[in-house]
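Me: Please show me the chain that we are going to discuss, and then let me ask about it step by step.

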Amino acid sequence: MQNLLINSLLGKLRTQNPQAYQELVSLMNSGKSPNQVLNELLSSGKINQQQINQAQQLANQYTNGQNNKPKRF
């Protein structure tokens, strides 16, 4: 789920806040965990809780959509 959250956040930040997007990409490439990255961006004020919540909603929608797909054999 964390990767989906990060991917959703990346998509939103790319258009809404390019500077935070670049920092997120840089932090992810540094080997930090997704939780560490989100906490750093949140505490620095580069992203806000509302942006995280929106990204989490998108990630949840995607996950729920994947879980409802018929299984292939």
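What follows is a set of questions, each with a reasoned reply.

Reply: Before we begin, note that this is a predicted model, in which local features need pLDDT of at least 70 and side-chain atom pairs count only at pLDDT 80 or more, whereas totals for chains, interfaces and linings use all residues. Residues are numbered from 1 along each chain as its sequence is written, and side-chain values use heavy atoms, with hydrogens and water left out.

Me: How many helices and strands does the chain have?
Reply: Helices (H or I, at least four residues) and strands (E, at least two) are DSSP runs, numbered from the N terminus. Read from the N terminus on, the elements run α-α-α-α. The secondary structure therefore comes to four helices and zero strands.

Me: Is Gln51 buried or exposed?
Reply: Gln51 lies in helix H4, which covers residues 49–67. A residue is called buried under 20% relative accessible area, exposed over 50%, and partly exposed in between (1.4 Å probe, protein chains only). Gln51 has 13% relative accessibility, so the word for this residue is buried.

Me: Which residues does Gln51 contact, leaving aside its neighbours within four places in sequence?
Reply: Contact here means heavy atoms within 4.5 Å. With those neighbours within four places set aside, the contacts of Gln51 are Leu9, Leu13, Gln16 and Lys46.

Me: Which elements give two or more residues to the largest nonpolar core?
Reply: A nonpolar core is a set of buried Ala, Val, Leu, Ile, Met, Phe, Trp, Tyr and Cys residues joined through side-chain atoms within 4.5 Å. The largest one has 14 residues, and Leu9, Leu13, Leu24, Leu41 and Ile47 are those with the most contacts inside it. The elements that give two or more residues to this core are helix H1 (2–16), helix H2 (18–29), helix H3 (34–44) and H4.

Me: Within what arc do the buried residues of H3 fall?
Reply: In H3, the buried residues are Pro34, Val37, Leu38 and Leu41. The arc is taken from the directions from the helix axis to the C-beta atoms. Seen down the axis of H3, the buried residues line one face of the helix, because they fall within an arc of 95°.

Me: How is Val25 classed by its relative accessible area?
Reply: Val25 is found in helix H2, and its C-alpha atom is separated by 8.0 Å from that of Leu10, 15 residues apart along the chain. The relative accessible area of Val25 is 28%, so this residue is classed as partly exposed.
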